[in-house]
Amino acid sequence: MTEKYFMRAMALASFGPPDVLQLTEIEAPQAGPGEVRVRIKAAGVLPFDCGVRSGSHPLVQKLGFPIVPGNEFAGIIDQIGDGVKDFSVGNEVLGFTVLQCYAEFVVVSADQIVIKPKNMPWEIAGGFSGNGQGAHLALKALGVGQGDTVLIHAAAGGLGTFSIQLAKVWGAKTVIGTANEANHDYLRSLGAIPVSYGEELVDRVRKVAPEGVDAALDAAGPDALRASVELVKDKDRIRTMVSFELANELGIPALSGNRSAAKLAELVELYSQGKIHIHIRDAFPLQQAAAAHQKIESGHGRGKIVLTID
Ligand SMILES: NC(=O)c1ccc[n+]([C@@H]2O[C@H](COP(=O)([O-])OP(=O)(O)OC[C@H]3O[C@@H](n4cnc5c(N)ncnc54)[C@H](OP(=O)(O)O)[C@@H]3O)[C@@H](O)[C@H]2O)c1
């Protein structure tokens, strides 16, 4: 029998504001058949994690405490379960799961990880999967391809950062991104034409895209989704990551699909080729997860926030 030991995690003993995230000692997980255990070096922080923490996300409402948030990670494999053939102890990997990454160790199925390229820093690897795969799913659903003009709302955030670059890689002729003026140079550096959000957004977009917008991704909210409907003829080429009820009312298809190691591997390859760049907004030590959540919940900023774990 494997000896039990304990690890540090930022866990919730109740739902609530950021300071319910508390440094907690919990039993370290053990890799079962088909699984690997990863000693985490960095874990991304996503708006999803804030929904877990506050209890607003339906997925966590019936779970028992403690709950450890964290949806994406990077680290070093330190334990291999029976039947795992493609990885070994010591491999540097990045991957995804639903919860559990704000901790020293995570156990996942071996089909939820890929090898981390040597040139990818831990902070970027830890914050790579969630927004990367979200952008991949959304742009695939939109059918983004050769010659398209694509509008990305909330383009400076984690999801937008990936979406702009992936749309370009997949052949979009023009990518327009909405952001606060302070982030306009950032959007330009990623290859997008920046436009400020707020009143008269539709007019501003028309000015920079006189031939029209082919597809739109909303990661901002109802105003952005309504503007997308005015700008894009075919509702099948609009998706939202935020305003699901409104999308249903407006006849916009829901986003479906799953994350996979194959999608992650494709994105990692693009990173290795220098086609995707990720700006780290902030890196906080694990025990400062509450500060990371406060920052995400400000609703503004560019790039990714991650936690680092010694
Ligand atoms: N896998 C995924 O990535 C995924 C999956 C499901 C849902 N989502 C949802 O997608 C949204 C974005 O996620 P994220 O990880 O990119 O968040 P994030 O990194 O926190 O970025 C949020 C961005 O929203 C921008 N913003 C704020 N108000 C805006 C407005 N009125 N119009 C346009 N942009 C505005 C901010 O830009 P400024 O600083 O320029 O204001 C900021 O860059 C979140 O609601 C998240 O829950 C994401």
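These legends describe close-up views of a predicted model. Local features need pLDDT of at least 70, side-chain atom pairs count only at pLDDT 80 or more, and totals for chains, interfaces and linings use all residues. Residues are numbered from 1 along each chain as its sequence is written, and side-chain values use heavy atoms, with hydrogens and water left out.

**View 1. The shell around the ligand.** The ligand is surrounded by 23 residues, each with a heavy atom within 4 Å of it. Asn 131, Asn 180, Tyr 197, His 300 and Gly 301 come nearest. By class, ten are nonpolar, twelve polar and one charged. Here Ala, Val, Leu, Ile, Met, Phe, Trp, Tyr, Cys and Pro count as nonpolar, Asp, Glu, Lys and Arg as charged, and the others, Gly among them, as polar.

**View 2. Helices at the ligand.** Helix H3 (129-142) and H4 each supply at least two shell residues. H3 gives the largest share, three residues. Helices are DSSP runs (H or I, at least four residues), numbered from the N terminus.

**View 3. Polar contacts to ligand oxygen atoms.** A polar contact here is a pair of N or O atoms within 3.5 Å. The side chain of Tyr 197 places an N or O atom 2.4 Å from a ligand oxygen. Backbone N or O atoms also take part: that of Gly 157 lies 3.0 Å from a ligand oxygen, that of Leu 159 2.8 Å.

**View 4. Val 169 in H4.** Val 169 belongs to helix H4 (residues 158-169). Its C-alpha lies 25 Å from that of Tyr 197, 28 residues away in sequence.

Conventions. A polar contact is a pair of N or O atoms within 3.5 Å; within protein, one must be able to donate a hydrogen and the other to accept it, and residues adjacent in sequence count only if both atoms are side-chain atoms.
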